[in-house]
Amino acid sequence: MGGAARVVPVLGLVLGLATCRALADWSLGEWIRKGSEASGAVLYGALIGATVVLGLAQGVAIVDRIIGASTSIHASVLSRVLRAPKSWFDATPQGLVLAIFSKDQDAIDDLLPATMLALLKCCIIVATALA
């Protein structure tokens, strides 16, 4: 599956979650303004339920995409290290190769989730500002 086909569902979940949260806030205000109507409680409860479901789905989708990206980057880096000439391995200590490889992979695993989520949120903000 291509990159866009993997990102579009996550964007849809982020947008759906933001919409549900905004609608839940609005419905709570309407429910408070109108008084104790049962329909307001039902609508608010349904929107909160949808927010929870979409939040969980978004979390699972993002983790799935991040694990896939991390695995792909790891495989790419490993294949490049394994294709290095023998002279490079003779001159470079094994501990240094392992330390650099694991440090870089750890940095990717730590930074990728936060960066990806921040990018998605910025895209949603820009899209709603332009609309």
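This report walks through the pocket, a surface patch, the salt bridges and a few residue pairs of the structure above.

The structure is a predicted model, in which local features need pLDDT of at least 70 and side-chain atom pairs count only at pLDDT 80 or more, while totals for chains, interfaces and linings use all residues. Residues are numbered from 1 along each chain as its sequence is written, and side-chain values use heavy atoms, with hydrogens and water left out.

**The largest pocket**

Let us start with the open space. A pocket here is an open set of points on a 1 Å grid over the protein atoms alone, where a 1.4 Å probe fits, with protein on both sides within 12 Å along at least five of seven lines. Grid points are joined across faces, edges and corners, and the volume is the space filled by probe spheres set on the points. The largest pocket holds about 180 Å³.

Which residues line the largest pocket? They are V14, L17, A18, R21, Q58, K121, I124 and I125, where a lining residue has an atom within 4 Å of a point. By character, the lining has five nonpolar residues, one polar residue and two charged residues. In this scheme Ala, Val, Leu, Ile, Met, Phe, Trp, Tyr, Cys and Pro are nonpolar, Asp, Glu, Lys and Arg are charged, and the others, Gly among them, are polar.

Helices are DSSP runs of H or I with at least four residues, numbered from the N terminus. At least two lining residues come from each of α1 (3-34) and α4 (94-130). Helix α1 gives the largest share of the lining, with four residues.

**Along helix α1**

Helix α1 also contains L23. Together with W26 and L43, L23 forms a nonpolar surface patch with about 300 Å² of accessible area in total. Such a patch joins nonpolar side chains (Val, Leu, Ile, Met, Phe, Trp, Tyr) within 5 Å, using residues with over 30% relative accessible area and no salt bridge. The areas come from the Shrake-Rupley method with a 1.4 Å probe, and for residues only the protein chains shown count as cover.

How accessible is L23? L23 counts as partly exposed because its relative accessibility is 38%; buried means under 20% relative accessible area, exposed over 50%, and partly exposed in between (1.4 Å probe, protein chains only). T19, also placed in helix α1, is partly exposed too, at 39%. T19 and T51 are 32 residues apart along the chain, and their C-alpha atoms are separated by 8.8 Å.

**Salt bridges**

Side chains of opposite charge can pair when their charged atoms come close. A salt bridge is counted when a side-chain nitrogen of Lys or Arg is within 4 Å of a carboxyl oxygen of Asp or Glu. The rule gives three salt bridges, listed here.

| Salt bridge | N to O distance |
|---|---|
| R33 and E30 | 2.5 Å |
| R65 and D64 | 2.6 Å |
| D90 and K86 | 3.4 Å |

Why are R33 and E30 about one helical turn apart? The reason is that they are three residues apart in helix α1. R33 counts as exposed, at 59% relative accessibility.

In the pair of R65 and D64, R65 is buried at 18% relative accessibility, whereas D64 is partly exposed at 44%.

D90 and K86 share helix α3 (residues 86-91), four residues apart, or about one turn of the helix. Both ends of this bridge are exposed: D90 has a relative accessibility of 57%, and K86 has 62%.

**Residue pairs involving helix α2**

Finally, here are some spacings to check in your viewer. G40 lies in helix α2 (residues 38-82) and is buried, with 14% relative accessibility. The C-alpha atoms of G40 and L28, twelve residues apart along the chain, are 7.5 Å from each other.

A41 is likewise in helix α2, and its 30% relative accessibility makes A41 partly exposed. A41 and W31 are ten residues apart in sequence, with 7.0 Å between their C-alpha atoms.

Where does L54 lie? L54 is in helix α2, and at 22% relative accessible area it is partly exposed. L54 and Q94 are 40 residues apart along the chain, and 46 Å separates their C-alpha atoms.

Key: Patch = residues over 30% accessible without salt bridge, like charges linked within 9 Å, V, L, I, M, F, W, Y side chains within 5 Å.
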